[in-house]
Amino acid sequence: MTSPHTHTPQATAPTAAHARSLHRAAEAFLAHTHPRAPLRLERVTLHGVTYAAAPDPAALRLNRALAEEVVMVALAPAEAAHLSGTPTPDGGRDARMLLDCALTDPDERDTLDAYLSVLRGRTRARLRRAWTEIEVLAAGLREHGELDAAQVAHRVACAQGIRASLLN
C-alpha cells in the first residue's frame, strides 16, 4: 500500500477510477469512525456516499463535536485528493455551509475560514494515519463498485487487524 505524500510528483498518475475510489473511501472511513446519525452511512459507491440521514442544522448548533465531525467527513474527499495528488472531486456535502450552519456567535463567523482551515488540518492528519484502511476500502470499491456499511466495517476491521499483527 502506498502512503500519501503531499506535493510529491507521482511516478505514475492514478487513474480516474482509482482517484475517485480514494476520495469516496476517505469519506466512508471517517463516517465509519463517527457512527452518529448524520454520519451513519448506508452505502458508498464510486459516485458518492449515501447516509441514513441529513445533518440537522439545529443539532449542529447544539453539539459542537458533532458539527466538527460532520464537517471533517465532508472535507475528507478533498483532503484525500490533496494527499494523493489527484484533482479535487465535485459533489458531496458542502463543508463550509455545514460549519456556517453550526456557528451561532457573530465572532465565530468572522473566523469561519480559519476554523475551516484547522478542521482541514485535522482531517488530513486523520486520513494520513488511516491511509491503509482507506486503500483497502478503495480497492473494495474498485472491485465491487459499491460497499454497504457492514462491508465498510469489515474491511476497516481487517485492515486494522493486519496492521496490528504486523506491528506486534
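Two strands pair if DSSP finds at least two bridges between them. Keep that rule in mind, for it applies to the strands of this chain. The model is predicted.

Start with Arg43. This residue stands opposite Asp148 in strand 3. Arg43 also stands opposite Thr50 in strand 2. Now look at the strands themselves. Strand 1 covers residues 41–45, and strand 2 covers residues 48–51. The two run antiparallel, and four bridges join them. How many residues make up the hairpin link between strand 1 and strand 2? Two residues carry the chain from strand 1 to strand 2.

Strand 3 spans residues 146–148. Strand 3 also pairs with strand 1, again in the antiparallel sense. Three bridges hold that pairing in the count. Strand 1 therefore has a pairing with strand 2, since four bridges satisfy the rule of at least two. The three bridges between strand 1 and strand 3 satisfy that rule as well.

Step back to the whole chain. It contains eight helices and three strands. Follow the sequence and the order reads α-β-β-α-α-α-α-α-α-β-α. The radius of gyration is 16 Å, close to the 15 Å that the globule rule gives for 168 residues, so the chain is as compact as a globular protein of that length. Along its principal axes, the C-alpha trace spans about 45 × 35 × 35 Å.

Next, consider contacts across the sequence. Take the contacts in the chain with a separation of 6 or more. Residues 24 or more positions apart account for 70% of them.

Glu68 gives a local example. Glu68 lies in helix 3, which runs over residues 64–84. Is Glu68 buried or exposed? Glu68 has 16% relative accessibility, and buried means under 20%, so Glu68 counts as buried. Which residues does Glu68 touch, leaving aside its neighbours within four places in sequence? Glu68 is in contact with Tyr115, Leu119 and Arg122.

Now turn to burial and surface over the full chain. Of the 168 residues, 40% count as buried. The chain exposes about 8700 Å². Carbon and sulfur atoms supply 54% of that area.

Charge comes last. The chain has 19 positive and 19 negative charges. The mean positions of these two sets are 4 Å apart.

Note on methods: Residues are numbered from 1 along each chain as its sequence is written. This is a predicted model: local features need pLDDT of at least 70, side-chain atom pairs count only at pLDDT 80 or more; totals for chains, interfaces and linings use all residues. Side-chain values use heavy atoms; hydrogens and water are left out. The radius of gyration is taken over C-alpha atoms; the globule rule is 2.2 Å times the number of residues to the power 0.38. Buried means under 20% relative accessible area, exposed over 50%, partly exposed in between (1.4 Å probe, protein chains only). Contact means heavy atoms within 4.5 Å. Accessible areas come from the Shrake-Rupley method with a 1.4 Å probe; for residues, only the protein chains shown count as cover. Lys and Arg count as positive and Asp and Glu as negative; His and the chain ends are not counted. The place of a charge is taken as NZ of Lys, CZ of Arg, CG of Asp or CD of Glu.
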